[in-house]
Amino acid sequence: MLDLPTQKTRKSPGMSLQDIKTLAQQLAPGLSLAEYLRQLVAFGFFKALLPEKHGGAGIATDAVRAPDCMDFLRILGNKDLSLGRCVEGHINVVRLMYLYATPAQFAAFAMAVQDGALAGIWVTDSSSLVHLKEYTLSGVKGFGSAIHLAQWALITAQSEANESLMLFVPVGDKQRIGPGPGPLSGMRESDTGSYDFNGLKISPEAIIGQPGDYLRQPEFSAGAWRGSAVALGGIDRLVDLLRHELRVRHRTGSPFQQERVGHAMIARETAAMWTARAAMIAYDRTQETGDISAIVNLARIAVEQAGLQIITLVQRGLGLSAFLQNNPVEKTMRDLAVYLRQPAPDETLTEAAVWFIDREPPVAGWMS
């Protein structure tokens, strides 16, 4: 549980884009996940995620704030991909609660967020699937980010009728925390582990929305744009490190290194344009559900391809020094490689391709 500042020390949640950039610049590099999160709470960012009705600035909920949300997640990914992952998960919870919770449920949730509570979204089961029977849970979630820091979690569970439910439940019982399937090669600071829900009793108010809401389109696919924004921040960091190392080594005059930097810049900008396109369409309910899902999924693949290409360019450009564990390049590459391993990339690509084979994609807003 985070040691939070008192309410009166927090800044106003009415954040502009400049406020967000200033906030991010004030985050010192190299902090622990808990220290980063404390700073975000102290700066009022968690509160700013909420809609204005609940004292926030709508960064996680309002379509007009999508560009600001993208910029901030990109900045956090640049600072630390593990931090970006945990904050993106929290934003995902805010968004899902906003869409599917009752007004009373959301009001209670908003109060917890205003007090600085961190929420995780834990939907990956271990070998023991999570079930709900007579308001008692059984089973284990296998990959939970911020497992020691989250105070609440939005989880999925199977009902007695074999329907998928969303539940918003308190977590934080250290006796229920496990190590997960094993240590990851990257994203080690994301505090990922398992959580044992066996025997945990919940109230009816913990059930959010209707059966099947978590997988309901277009939100299920559309929300992936936020993960792309975090990955884009990691790509930014890697490109900046490549350019820095080449300058330090006085290798900027090499045409081969210049070519690598050029390709890296092209790949990064391609990823950025796709991510912005996905963020724009994700909230546009005038578009068909299939169009929204397909565009966001194509953006996800574009970011993955850009990240993998840039990792290769950095390794070839910097050689063995890129693999030294005391070099920030090594950690950034490792974290980005793990972060880019989103589920079912082949299926994601082919489904989007099939959708657009016989139909034209929607025109981007800036082209209309």
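A residue counts as buried when its relative accessible area is under 20%. The legends below refer to a predicted model.

**Figure 1. Overall view of the chain, a predicted model with twelve helices and nine strands.** The radius of gyration is 21 Å, close to the 21 Å from the globule rule for 368 residues, so the chain is as compact as a globular protein of that length. The C-alpha trace spans about 70 × 50 × 45 Å along its principal axes. Of the 368 residues, 52% are buried. Among contacts with a separation of 6 or more, 74% are between residues 24 or more positions apart. The chain exposes an accessible surface of about 16800 Å², and carbon and sulfur atoms contribute 56% of this area. There are 35 positive and 37 negative charges, and their mean positions lie 7 Å apart.

**Figure 2. Close-up of helix 4, residues 66–79.** The 14 residues of helix 4 reach 20 Å from first C-alpha to last, close to the 20 Å expected at 1.5 Å a residue. Its buried residues are Ala66, Asp68, Cys69, Met70, Phe72, Leu73, Leu76 and Gly77. An α-helix has 3.6 residues a turn, so residues three or four places apart point the same way. Cover for the buried residues of helix 4 comes from elements including helix 1 (17–26), helix 2 (33–42) and helix 3 (45–48). Helix 5 (81–100), helix 8 (224–248) and helix 9 (255–282) are also among the covering elements. In the loop between helix 3 and helix 4 lies Ala57. Ala57 has a relative accessibility of 6% and therefore counts as buried. The C-alpha atom of Ala57 is 29 Å from that of Gly290, a residue 233 positions away along the chain.

**Figure 3. Close-up of Thr156 in strand 5, residues 152–158.** Thr156 has a relative accessible area of 9%, so this residue is buried. Leaving aside residues up to four places away in sequence, Thr156 touches Trp122, Val123, Val130, Lys141, Ser164, Leu165 and Tyr214. The loop between strand 4 (140–144) and strand 5 contains Ala146. Although Ala146 is not a glycine, its phi is positive, at about 55 degrees. With 3% relative accessibility, Ala146 counts as buried.

**Figure 4. Close-up of the cis peptide bond between Gln217 and Pro218.** Omega of this bond is about 10 degrees. Pro218 belongs to the loop between strand 9 (207–208) and helix 7. Helix 7 covers residues 219–222 and includes Ala222. The relative accessibility of Ala222 is 1%, so Ala222 counts as buried. When residues up to four places away in sequence are not counted, Ala222 touches Ala282, Ile292 and Val296. Ala222 and Ala352 are 130 residues apart along the chain, and their C-alpha atoms are separated by 13 Å.

**Figure 5. Close-up of His250 in the loop between helix 8 and helix 9.** His250 is not a glycine, yet it has a positive phi of about 55 degrees. The relative accessibility of His250 is 70%, so this residue counts as exposed. Ala146 also has a positive phi of about 55 degrees, but Ala146 counts as buried.

**Figure 6. Close-up of helix 10, residues 289–318.** Helix 10 has 30 residues, which at 1.5 Å a residue should span 44 Å; the end C-alpha atoms are 44 Å apart, in agreement. Of the 30 residues in helix 10, 22 are buried, and the helix is thus mostly covered. Gly319, just after helix 10, has a positive phi of about 70 degrees.

**Figure 7. Close-up of helix 11, residues 328–339.** From its first C-alpha to its last, helix 11 reaches 16 Å with twelve residues, close to the 16 Å expected at 1.5 Å a residue. The buried residues of helix 11 include the charged side chains Glu330, Arg334 and Asp335. The others in the buried set are Val329, Thr332, Met333, Leu336 and Tyr339. These buried residues pack against helix 5, helix 8 and helix 10.

Notes. Residues numbered from 1 in each chain as written. Predicted model: local features only at pLDDT ≥ 70, side-chain atom pairs only at ≥ 80, totals over all residues. Heavy atoms only, no water. Helix = DSSP H or I, 4+ residues; strand = E, 2+ residues; numbered from the N terminus. Rg over C-alpha atoms; globule rule 2.2 N^0.38 Å. Buried < 20%, exposed > 50% of the residue type's maximum accessible area, 1.4 Å probe, protein only. Contact = heavy atoms within 4.5 Å. Areas by Shrake-Rupley, 256 points an atom, 1.4 Å probe, with all protein chains shown as cover. Charge placed at Lys NZ, Arg CZ, Asp CG, Glu CD. Expected span 1.5 Å × (residues − 1).
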